[in-house]
Amino acid sequence: MATAHRVPPAPQPQLYRFSPLDFIAVVLYVGLAGFFVLAGPLIAPVLRQVAPTPAAASYAMNLLFYAVVGILAVVAARRVVGRDLRVLATRPWFTLLMVPAAVIAMMILSAIVVAASGSVETSENQAGLQALMQQVPAWLMVPLLVVVGPFVEEFIFRHLLIGKLSRRVNIWVCCVLSVVLFAALHVVGREALTLTVLLPYLAMGATLVFVYVWTGRNLMFSYFVHAAKNLLAVVFIYAIPPEFYEQLQQVPA
């Protein structure tokens, strides 16, 4: 039976009650994201005065954003993190096998939905990350994209929007909200919200929602999947020469 391979949840309802730290983290997340979107063009010249390059300024903005929210997220979810790590430690082979399996499933699902749409379009977010990674060394990007960023997003979009909000709202509504808001976050403020641009993020969000719910709302499992996917992307981008991306852009769609 499928349930035989499922990581057993530890029923602790008190861990799924909203706390003041949760609200502070969300307000900071939304507030800082909105600030950087609206005021980014205004503060960018200031950052460039103290940063050696525009890429360094962009990296500093992203690092500041995720570091501030990340510290709050870790403190707010510390008991859940400890509980979930202990649960995963009881079945280490499950974690070691299912994390890469989930990443592969995510990539396959993304390829299917993009192919079904009939067109391939790189989002501004993805193009910006690729450009940034071509100018910032990997040892600086990995902590941001693989360690801090995925944890913040899993805390907000899975732990809060599903794990905690589902105590008050139907869980399927929470899952849909998680997928849609997760996808919109990576596009809003940068370009138009078109289905073609959203599809890869919708597929990624749907996979992360599935593994989160399937493992008994295990925050750390969905975090490991998210981090592994980002790590794979970082490895590919740093391993492929920049000239390859330039050639791809010249190929007609």
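Reader: At what angle do the axes of helix 7 and helix 8 cross?
Author: The axes of helix 7 and helix 8, the latter covering residues 195-214, cross at roughly 140° and come within 8 Å. An axis here is a line fitted to C-alpha atoms, for helices over the stretch in contact, and the angle runs from 0 to 180 degrees between N-to-C directions. Helices are DSSP runs of H or I with at least four residues, strands are runs of E with at least two, and both are numbered from the N terminus.

Reader: Before we go on, what kind of model is this?
Author: This is a predicted model, in which local features need pLDDT of at least 70 and side-chain atom pairs count only at pLDDT 80 or more, while totals for chains, interfaces and linings use all residues. Residues are numbered from 1 along each chain as its sequence is written, and side-chain values use heavy atoms, with hydrogens and water left out.

Reader: Okay, back to that pair: are helix 7 and helix 8 oblique or parallel to each other?
Author: Helix 7 and helix 8 are oblique to each other because of their crossing angle. The cut-offs are under 35 degrees for roughly parallel, over 145 for roughly antiparallel and 65 to 115 for roughly perpendicular, with the rest counted as oblique.

Reader: And is the crossing of helix 7 and helix 8 left-handed or right-handed?
Author: Helix 7 passes helix 8 in a right-handed crossing. A crossing is right-handed if the near helix is turned clockwise from the far one by less than a right angle, and left-handed if anticlockwise.

Reader: Which residues meet there?
Author: From helix 7 they include Cys 175, Ser 178, Val 179 and Phe 182, and the residues of helix 8 that they meet include Leu 198, Tyr 201, Leu 202 and Met 204. By class, this contact of helix 7 with helix 8 has 14 nonpolar, two polar and no charged residues. Nonpolar stands for Ala, Val, Leu, Ile, Met, Phe, Trp, Tyr, Cys and Pro, charged for Asp, Glu, Lys and Arg, and polar for the others, Gly among them.

Reader: Can we zoom in on Leu 202, and what does Leu 202 touch?
Author: Leu 202 lies in helix 8, and, leaving aside neighbours within four places in sequence, it is in contact with Val 179, Val 180, Ala 183 and Leu 195. Contact means heavy atoms within 4.5 Å. Leu 202 and Phe 182 are 20 residues apart in sequence, and their C-alpha atoms are 7.6 Å apart in space.

Reader: Is Leu 202 buried or partly exposed?
Author: Leu 202 is partly exposed, with a relative accessible area of 21%. Buried means under 20% relative accessible area and exposed means over 50%, with partly exposed in between (1.4 Å probe, protein chains only).

Reader: Different topic: how does helix 6 lie against helix 7?
Author: Helix 6, residues 138-164, packs against helix 7, residues 171-185, at an angle of about 160° with the axes 9 Å apart, so the two are roughly antiparallel. Their crossing is right-handed. The residues of this contact of helix 6 with helix 7 divide into ten nonpolar, one polar and two charged.

Reader: What about helix 6 and helix 9, how do they cross?
Author: Their axes come within 9 Å and cross at roughly 145°, with helix 9 running over residues 219-239. Helix 6 passes helix 9 in a right-handed crossing, and the contact has 16 nonpolar, four polar and three charged residues.

Reader: Where does Asn 230 sit?
Author: Asn 230 is in helix 9 and is buried, with a relative accessible area of 16%. Beyond neighbours within four places in sequence, Asn 230 is in contact with Leu 145, Val 146, Pro 150 and Met 204.

Reader: And Met 133, what does Met 133 contact?
Author: Met 133 belongs to helix 5, residues 124-133, and is buried with a relative accessible area of 5%. Leaving aside neighbours within four places in sequence, Met 133 is in contact with Met 141, Leu 145, Val 234, Ile 237 and Tyr 238. The C-alpha atoms of Met 133 and Tyr 238 are separated by 7.3 Å, although the two are 105 residues apart along the chain.

Reader: Last one: how many helices does the protein chain have?
Author: The protein chain has ten helices and zero strands, and 40% of its 253 residues count as buried.
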